[in-house]
Amino acid sequence: MAHYSMRPKNGELVETGRIQLLLQTLYARYEPLILRVLDATLRFFLKVKGRFILIVLARLLNRFLPTGEVVTLQRATDFIDAISGLEKTQIAVGPCRCQESLGKRKGTYIKDMVILYGAEAYKRASDEYRDLSPEEAKKLLQELHQEGLIPTFYACMGSGGWTFAICSCESEICFPFRAHQAAGGVLHPGPDIVALDSESCTGCGKCVERCHFGANRLVNQTAEVDLTKCYGCGLCVSTCSGEARRMVKREDYHNRYYPIDLVSKASAH
Ligand code: SF4
Ligand code: SF4
């Protein structure tokens, strides 16, 4: 099996076709330009209050361009463990494509983690990408979590068969996040959701600061969560001073891009 041409399917990794690899490589090559055009379009329609047009555009483009599923740090590192036994581990890292394309800097710059056939596609498209060992990948994910970034599995074509990256997103520069806030449909909730024990809440407010989705608020010095806004990143759990939060399985979870079957299968062995 070619080391770079695999994608998860029903818990198995299968060989990726040459056309898929070529298309992903082309996308990786022109991604900075695509991001600049999309960002200018987003800013233009927000300025002229053309939100309806943005929603229509998003519905059309989301079929082809990367869309994401939010996961916890634990889910992301479980995935790294699941693929670490492969003949050649398929993880690479390069500059944050949003920061690079839009000429903005915030926090860690070398954080665009590409996986499976995506690692090969991005290395072919740009010499700024280098291989990462599983241990390096897990360490980087941990650091990005501490920085307050959201691990998100991204795929093109709206298909888990095209999952190619674990981006660590935030709400200020990250284009997919801003596009999601403006038009919806770009990001999807992951397998977990937060559970809050109000009795243990100290009212410190860290969860309000930490959540990029605006799911938390303080009412009379006690946290409240709007579960309809929780995407399941777990960022509020690790900084909760009262240990009042934990992640639980999302009842209405619809799996899109996180290769949950692959991870479950690997952890069962
Ligand atoms: S409430 Fe917590 S787990 Fe849910 S999206 Fe916000 S930070 Fe993430
Ligand atoms: S971080 Fe924890 S203790 Fe602090 S306000 Fe939020 S739920 Fe309460």
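The legends below describe close-up views of a predicted model.

**View 1. The crossing of helix 1 with helix 5.**
Helix 1 (18-47) and helix 5 (residues 117-125) have axes that come within 8 Å and cross at roughly 50 degrees. That angle makes helix 1 oblique to helix 5. The crossing of these two helices is right-handed. On the side of helix 1, the contact is formed by Leu-21, Gln-24, Thr-25, Ala-28 and Arg-29. On the side of helix 5, the residues met are Tyr-117, Gly-118, Glu-120, Ala-121, Tyr-122, Arg-124 and Ala-125. By class, the residues of this contact divide into 6 nonpolar, 3 polar and 3 charged.

**View 2. Ala-28 in helix 1.**
This view is centred on Ala-28, a residue of helix 1. Ala-28 has 24 other C-beta atoms within 10 Å and is therefore buried, the threshold for that class being 20 or more. Apart from neighbours within four places in sequence, Ala-28 is in contact with Ala-121, Tyr-122, Ala-125 and Ser-126. Of these contacts, Ala-121, Tyr-122 and Ala-125 also appear among the helix 5 residues that meet helix 1. Ala-28 and Tyr-122 are 94 residues apart along the chain, yet their C-alpha atoms are separated by 5.7 Å.

**View 3. The crossing of helix 1 with helix 7.**
The axes of helix 1 and helix 7 come within 11 Å and cross at roughly 30 degrees. The two helices are therefore roughly parallel to each other, a description that applies to angles under 35 degrees. Their crossing is left-handed. Helix 1 contributes Leu-35, Leu-38, Asp-39, Leu-42 and Leu-46 to the contact, and these meet Phe-175, Arg-178, Ala-179 and Ala-182 in helix 7. The residues of this contact divide into 7 nonpolar, no polar and 2 charged.

**View 4. The surroundings of helix 7.**
Helix 7 spans residues 175-183 and is mostly covered, with 7 of its 9 residues buried. The buried residues are Phe-175, Pro-176, Phe-177, Arg-178, Ala-179, His-180 and Ala-183. Several helices take part in covering them, including helix 1 (18-47), helix 2 (51-61) and helix 4 (97-102). Strands also contribute to this cover, among them strand 3 (67-70), strand 8 (163-169) and strand 9 (187-188). Just after helix 7, Gly-184 takes a positive phi of about 75 degrees.

**View 5. Lys-49, between helix 1 and helix 2.**
Lys-49 is placed in the loop between helix 1 and helix 2. Although Lys-49 is not a glycine, its phi is positive, at about 55 degrees. Lys-49 is exposed, with 8 other C-beta atoms within 10 Å.

**View 6. Gln-221, between strand 11 and strand 12.**
Gln-221 lies in the loop between strand 11 (216-219) and strand 12 (222-225). Gln-221 has a positive phi of about 65 degrees, although it is not a glycine. With 10 C-beta neighbours inside 10 Å, Gln-221 counts as exposed.

**View 7. The residues around ligand 1.**
Of the 14 residues around ligand 1, those that come nearest are Cys-211, Ala-215, Cys-230, Cys-233 and Cys-236. The shell comprises 10 nonpolar, 3 polar and 1 charged residues.

**View 8. The residues around ligand 2.**
Ligand 2 is surrounded by 14 residues, of which the closest are Cys-201, Cys-204, Cys-207, Cys-240 and Gly-242. By class, this shell divides into 7 nonpolar, 5 polar and 2 charged residues.

**View 9. Thr-202 and its contacts.**
Thr-202 is found in the loop between strand 10 (192-196) and helix 8 (206-210). Thr-202 has 14 other C-beta atoms within 10 Å and is partly exposed. Not counting residues up to four places away in sequence, Thr-202 touches Ser-241 and Gly-242. Gly-242 is also one of the closest residues to ligand 2. The C-alpha atoms of Thr-202 and Ala-223 are 8.5 Å apart in space, the two residues being 21 residues apart in sequence.

Conventions
Residues numbered from 1 in each chain as written. Chains lettered and ligands numbered in written order. Predicted model: local features only at pLDDT ≥ 70, side-chain atom pairs only at ≥ 80, totals over all residues. Helix = DSSP H or I, 4+ residues; strand = E, 2+ residues; numbered from the N terminus. Buried ≥ 20, exposed ≤ 12 C-beta atoms within 10 Å, placed from the backbone. Contact = placed C-beta atoms within 7 Å. Near = placed C-beta within 6 Å. Nonpolar A, V, L, I, M, F, W, Y, C, P; charged D, E, K, R; others polar. Axes fitted to C-alpha atoms, helices over the stretch in contact; angles between N-to-C directions. Parallel < 35°, antiparallel > 145°, perpendicular 65-115°, else oblique. Left-handed = near helix turned anticlockwise from the far one by under 90°.
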